[in-house]
Amino acid sequence: MNRVLNVGIAGFGMSAQVFHVPFLTVDKRFKIKKVFERNSQKSKQKIADVEVVHDFESLLLDDIDLVVISTPNLTHYPLAKQAIEAGKHVVIEKPIAVSAYEAQELDQLAQRYGVILSPYQNRRWDSGFLTVKNIIDNNLIGEIVDYQVNFDRYSVNKNPKVWKETGEKGIGLVYDLGVHLVDHAVNLFGMPQALFADIRYQHENALSDDNFQIHLYYPNLKVQLSASKYVREKGPHIALHGRNGSYLKYVPDIQEAQLAQGILPVGNWNQESEEQWGTLNTEFNGVHFRGKIESVTASYASYYNNVYQAITENKKLIVTAQQAQKVLMLLEKCFESAELRKVVEI
């Protein structure tokens, strides 16, 4: 019989409710035992037998194995440090910290205490990203020369979460979505040689960035990552171009939308329709092909499956604090580039 890991969740906002609770609920190897909420008891509406606590220290007692930190960005580092020093395994929402230095310190601390520490980079299991990885691994369009990802929305209002609009380091669209997209690029292609970033504040009186274009430069490849809140008519979500062909996908991964609607992650909940697949146009072994190709079926449940195996079977973590440190270093270089308005060498 599988060992059951008792979980304590810090914070119960949208992230906890949409991205963590559904997977921890349907996977019987986990038991959500406690939720830390400062002033409310919202979690009891979704988890009937949960114990609501109003101090973080209650998650650090002997009855908790894994602490999931889903609180505002500026609290990630101090709460993770406290949990690690209490001997708890930690899953932490991205960004793991607001600086590469803090991420390195948490990683070293986790190694010292012999616990796992993993940032919640769930979008490693986005269908588009995994399809791109599959195309590259199978050399379906030849040597890659350009990779573009656009994560666009249309929202004329600032974020209703007040803490996301305060302007401190570690808050804003770059640390919210850019951290995912840069993580994708590094996972696919490794560290770039240089980068250039244009980071903007489009909303009236905005203190936190709400628009960015990040260019990562490799020897024979350029990666362009962008996000905006003022795009009413969207172009491709992903555009991958190689010497033999291209892959374009217009529809982002559907998992977030499904989860936000309250759909439990069981069965074919994450199966994309043919209309949501991307288009491949390439020449392979002398044969030209153009048409829809089925997206790789992806599930954020894979993240927690790996975390469970890392804790109970000593399996290798897929998403690590060392990786997060590299991504945060690149994000810091992005702000340096935007301020200097010039290409920055890595």
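**View A. How do helix 5 and helix 8 lie with respect to each other?** Helix 5 (residues 173-189) packs on helix 8 (residues 321-340) at an angle of about 120°, and their axes are 9 Å apart. That is why the two helices count as oblique to each other. This is a predicted model, so local features need pLDDT of at least 70 and side-chain atom pairs only count at pLDDT 80 or more, while totals for chains, interfaces and linings use all residues. Residues are numbered from 1 along each chain as its sequence is written, and side-chain values use heavy atoms, with hydrogens and water left out. On the helix 5 side, the contact (heavy atoms within 4.5 Å) uses V174, Y175, G178, V179, V182, D183 and V186. Helix 8 answers with V327, L328, L330, L331, E332 and F335. By class, this contact of helix 5 with helix 8 has 10 nonpolar, 1 polar and 2 charged residues. (Nonpolar is Ala, Val, Leu, Ile, Met, Phe, Trp, Tyr, Cys and Pro; charged is Asp, Glu, Lys and Arg; the others, Gly among them, are polar.) Axes are lines fitted to C-alpha atoms over the stretch in contact, with angles from 0 to 180 degrees between N-to-C directions; under 35 degrees is roughly parallel, over 145 roughly antiparallel, 65 to 115 roughly perpendicular, and the rest oblique. Helices (H or I, at least four residues) and strands (E, at least two) are DSSP runs numbered from the N terminus.

**View B. Helix 2 and helix 3 run roughly parallel to each other.** The axes of helix 2 (residues 76-85) and helix 3 (100-113) come within 9 Å and cross at roughly 10°. From helix 2, the residues in this contact are Y77, A80, K81, I84 and E85. They meet E102, E105, L106, L109, A110 and Y113 in helix 3. Sorted by class, the contact of helix 2 with helix 3 comes to 7 nonpolar, no polar and 4 charged residues.

**View C. Helix 4 meets helix 5 at a crossing of roughly 20°.** The axes of these two helices come within 11 Å, and the angle makes helix 4 roughly parallel to helix 5. F129, V132, K133 and I136 of helix 4 touch H184, N187, L188 and F189 of helix 5. The tally for this contact is 5 nonpolar, 2 polar and 1 charged.

**View D. The largest cavity holds about 70 Å³.** It belongs to a set of 3 cavities of 30 Å³ or more in the structure. On a 1 Å grid over the protein atoms alone, a cavity is a set of points where a 1.4 Å probe fits but cannot get out, and lining residues have an atom within 4 Å of a point. Points are joined across faces, edges and corners, and a volume is the space filled by probe spheres set on them. There are 13 lining residues here, and I96, P119, Q121, V179 and A324 sit closest to the centre. Helix 5 and helix 8 are the elements that give two or more residues to this lining, and helix 8 gives the most, with 4. V179 also turns up in the contact of helix 5 with helix 8. The lining splits into 8 nonpolar, 3 polar and 2 charged residues.

**View E. The second largest cavity encloses about 60 Å³.** Its walls come from D126, G128, F129, Y147, V149, F151, H184, H237 and I238. Helix 4 (127-137) and strand 7 each put in at least two of these residues, with strand 7 giving the most, at 3. In this lining, 5 residues are nonpolar, 3 polar and 1 charged. F129 and H184 have a second role in the contact between helix 4 and helix 5.

**View F. The second largest pocket has a volume of about 270 Å³.** (A pocket is an open set of points with protein on both sides within 12 Å along at least five of seven lines.) Of its 15 lining residues, F151, D152, R153, P252 and D253 are closest to the centre; F151 lines the second largest cavity as well. Strand 7 (144-152) and helix 6 (255-260) each supply at least two lining residues, and strand 7 supplies the most, with 3. The class split of the lining is 6 nonpolar, 3 polar and 6 charged.

**View G. Two backbone oddities sit in loops, at P95 and N139.** Most residues other than glycine have a negative phi, and most peptide bonds are trans. K94 and P95 are joined by a cis peptide bond, with omega about -10°. P95 is in the loop between strand 5 (89-93) and helix 3. N139 is not a glycine, yet has a positive phi of about 55°; its loop runs between helix 4 and strand 7.
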